[in-house]
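Work through the exercises below with the sequence and the model open side by side. Try each task before reading its solution.

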Amino acid sequence: MAKAQLKILFNTMAGNRFGSGHICRCLNLANAMKKINDSGILFVTSQTGQEIIDGQFSSQVVSEKSSYEILRSIFEDFKPDIIVYDIVDVEEEYIAKTALKDALKVVFDYYHLNTRLKSADIVFN
């Protein structure tokens, strides 16, 4: 079977106390995708996240307080086909202001039960 030609961007954060599970979940997904995907995988993550990734994949370190414009610029430079957001309490505005129109947007851990996430294509909670 020929490998797919998709670019996948994982946007996930980890701190000293929380988030390492999000990074590990994304690493597992990235490793599975690498078996069928021949193009590129990029992690946009925190310094702690980059330490967990430990060179397994390309990564770009950002602060949790990075502006939407900085994140959007990174996303536009990479031109992903799929953006995976795995961030605690991600908000609609964050996805709407960072996502690229043509990319498939996948969100993990969305727990706002009374609110539908309109900016995402696939949502797991």
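The exercises that follow concern a predicted model.

**Exercise 1. Elements of the chain**

Task: State how many helices and strands the chain has, and the order in which they come.

Solution: Begin with the count, which is four helices and six strands. Next, read the elements from the N terminus, which gives β-α-β-α-β-α-β-α-β-β.

**Exercise 2. Compactness**

Task: Compare the radius of gyration of the chain with the value from the globule rule.

Solution: The radius of gyration is 14 Å. For 125 residues the globule rule gives 14 Å, and the two values are close, so the chain is as compact as a globular protein of that length. For the overall dimensions, take the C-alpha trace along its principal axes, where the span is about 40 × 30 × 25 Å.

**Exercise 3. The sheet**

Task: Give the strand order of the sheet, find its edge strands, and identify the helix α3 contacts on it.

Solution: Six strands make up an open sheet with parallel pairing, ordered β3-β2-β1-β4-β5-β6. The edges are β3 (58–61) and β6 (122–124), each of which pairs on one side only. Ignoring direction, neighbouring strands are turned by 15° against each other on average. Helix α3 (residues 68–78) packs on this sheet and touches β1 (7–12), β2 (40–45), β3 and β4 (82–86). The direction of α3 makes about 175° with that of β2.

**Exercise 4. The β5–β6 pairing**

Task: Find how many bridges join β5 to β6, and the partner of Val106.

Solution: Strand β5 (residues 104–108) runs parallel to β6, and three bridges join them. Val106 has Ile122 of β6 as its bridge partner.

**Exercise 5. The largest pocket**

Task: Describe the volume and lining of the largest pocket.

Solution: The volume is about 270 Å³. There are 20 lining residues, and those closest to the pocket centre are Met13, Ala14, Glu64, Ile87 and Val88. Sorted by class, the lining has nine nonpolar, six polar and five charged residues.

Key
Residues numbered from 1 in each chain as written. Predicted model: local features only at pLDDT ≥ 70, side-chain atom pairs only at ≥ 80, totals over all residues. Heavy atoms only, no water. 1 Å grid on protein atoms, 1.4 Å probe; cavity = no way out; pocket = protein on both sides within 12 Å on 5 of 7 lines; lining within 4 Å. Points joined across faces, edges and corners; volume = space filled by probe spheres on them. Nonpolar A, V, L, I, M, F, W, Y, C, P; charged D, E, K, R; others polar. Pairing = 2+ DSSP bridges. Helix = DSSP H or I, 4+ residues; strand = E, 2+ residues; numbered from the N terminus. Axes fitted to C-alpha atoms, helices over the stretch in contact; angles between N-to-C directions. Contact = heavy atoms within 4.5 Å. Rg over C-alpha atoms; globule rule 2.2 N^0.38 Å.
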